[in-house]
Amino acid sequence: MSERTSNRIFDTVNVLLISFIVLICLAPFFHIIAISLSSNRAVTSGAVTLWPVEFDLHAYRSVLSDVSMIHSLGFTVFLTILSTVLCMAMTIAAAYPLTHTKLKGRKIFMMIIVITMFFSGGIIPEYILVKDLHLLNTVWALVLPGLVSPFYLIILISFFNGIPKSLVEAAEIDGSTQLGTLIRVILPLSLPVIATLSLFYAVGRWNGFQDTLLYITKTELYPLQLKLYQLVQNNMVSDLTANEGPGTVRATPESLKAASVIFATVPILIVYPWMQRYFVSGVMLGAVKG
């Protein structure tokens, strides 16, 4: 068998294997879409797989007509943008000084950052801290505790270390300040990794709900993920009370829950195509340099 034929067989097997894995990953998503577009009767009877049965948009009409859901969407978008901007600003502000070997205590700072990746105070001390700072039921309770990720910070430090020192020295010779060098030299060269980490921060904030569950009781501060959690909890309570006569809690139709999941997932998915050209290069450059 020639080398060319072997390469073709290898490429074919790779394509088939990757295609199979992609289908496995997409199947649950298509299943949720099919459920959201099917009638509740078809869903409860188990007739829906990957294609809608008894096509029905009632679930989406219910979601879009829910004022609280639309408010949660707007608040989640605002929270994600605010959190991403502040997280990246603090991560950049922490990473750039740590690239300077002349910084006193640099190794101690790096050791402290690494330790926080493996050890934390836990949920209860964190809750007490947020409470004592009077951040409960405020937007800042959802932003400040996770302002800097140690892992993302290390990635950014590795990327900054990979930028040629001659560019920084040239800027300093021209009279540029440290802040000027960061803005005019470092950041323009770091767009791939900045865009990638911004996407990571945004997705993490968009999908987060545990901190809201702990720190927020005001309904106007509920993000979309907590609304979905309430839908699931509503259905679980309904199942538990089903054998007690006329239930006081009505089960959420499966089609409505599926439509809510799609409603909460699509906005963040729209961001990916805009960030795709930075995604792979940013991760790889931040991972191998330094």
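This briefing covers the helices, cores and aromatic pairs of one protein chain. The model is predicted. The chain holds 14 helices and zero strands. Buried residues make up 34% of its 290 residues. Helix 4 comes up again and again below.

**Overall make-up**

- Read from the N terminus, the elements run α-α-α-α-α-α-α-α-α-α-α-α-α-α.
- Take the contacts in the chain with a separation of 6 or more: residues 24 or more positions apart account for 68% of them.

**Nonpolar cores**

- In soluble globular proteins, nonpolar side chains tend to be buried together.
- The largest nonpolar core has 38 residues. Leu156, Phe160, Ile186, Val193 and Leu197 touch the most other members.
- Six elements are listed as giving two or more residues to this core: helix 4 (67-98), helix 7 (140-143), helix 8 (150-162), helix 9 (165-173), helix 10 (178-189) and helix 11 (191-207).
- Helix 4 gives the most to this core, with eight residues.
- A second core of 17 residues is separate from it. Leu37, Tyr60, Leu73 and Ala264 are included in this second core.

**Helix 4 against helix 8**

- Two packed helices are described by the angle between their axes and the distance between the axes.
- The axes of helix 4 and helix 8 cross at roughly 50° and come within 9 Å.
- Angles from 35 to 65 degrees fall outside the parallel and perpendicular ranges, so helix 4 and helix 8 count as oblique to each other.
- Their crossing is right-handed.
- On the helix 4 side, the contact residues are Thr91, Ile92, Ala94, Ala95, Tyr96 and Leu98. On the helix 8 side they are Tyr152, Leu153, Leu156, Ile157 and Phe160.

**Helix 4 against helix 11**

- Helix 4 and helix 11 pack with their axes 9 Å apart, at an angle of about 140°.
- Roughly antiparallel requires an angle over 145 degrees, so helix 4 and helix 11 count as oblique to each other.
- The crossing of helix 4 and helix 11 is right-handed.
- Helix 4 brings Leu73, Thr76, Val77, Leu79, Thr80, Ser83, Thr84, Cys87, Met88, Thr91 and Ile92 to this contact. Helix 11 brings Ile194, Leu197, Ser198, Tyr201, Ala202, Arg205 and Trp206.

**Serine 83, a residue in helix 4**

- Serine 83 is found in helix 4.
- Is serine 83 buried or exposed? Its relative accessibility is 5%, so serine 83 counts as buried.
- Which residues does serine 83 contact, leaving aside its neighbours within four places in sequence? They are Val143 and Arg205.
- Arg205 is also among the helix 11 residues that meet helix 4.

**Aromatic pairs**

- A pair of aromatic rings is described by the distance of the centres and the angle of the planes.
- The count comes to six aromatic pairs.
- Tyrosine 127 and tyrosine 215 form a stacked pair, with 6.1 Å centre to centre and 20° between the planes.
- This pair links distant parts of the chain, 88 residues apart. Tyrosine 127 is in helix 6 (residues 123-132), and tyrosine 215 is in helix 12 (residues 210-215).
- Tyrosine 127 has 30% relative accessibility, so it counts as partly exposed.
- Tyrosine 215 has 3% relative accessibility, so it counts as buried.
- Ring pairs also link Phe151, Tyr152, Phe200 and Tyr201 into a cluster.
- Tyr152 is one of the helix 8 residues that meet helix 4. Tyr201 is one of the helix 11 residues that meet helix 4.

Definitions and conventions. Residues are numbered from 1 along each chain as its sequence is written. This is a predicted model: local features need pLDDT of at least 70, side-chain atom pairs count only at pLDDT 80 or more; totals for chains, interfaces and linings use all residues. Side-chain values use heavy atoms; hydrogens and water are left out. A nonpolar core is a set of buried Ala, Val, Leu, Ile, Met, Phe, Trp, Tyr and Cys residues joined through side-chain atoms within 4.5 Å. Buried means under 20% relative accessible area, exposed over 50%, partly exposed in between (1.4 Å probe, protein chains only). Helices (H or I, at least four residues) and strands (E, at least two) are DSSP runs, numbered from the N terminus. Rings of Phe, Tyr and Trp (its six-membered ring) pair if their centres lie within 6.5 Å; planes under 30 degrees apart count as stacked, over 60 as edge-to-face and the rest as tilted. Axes are lines fitted to C-alpha atoms, for helices over the stretch in contact, and angles run from 0 to 180 degrees between N-to-C directions. Angles under 35 degrees count as roughly parallel, over 145 as roughly antiparallel, 65 to 115 as roughly perpendicular and the rest as oblique. A crossing is left-handed if the near helix is turned anticlockwise from the far one by less than a right angle, and right-handed if clockwise. Contact means heavy atoms within 4.5 Å.
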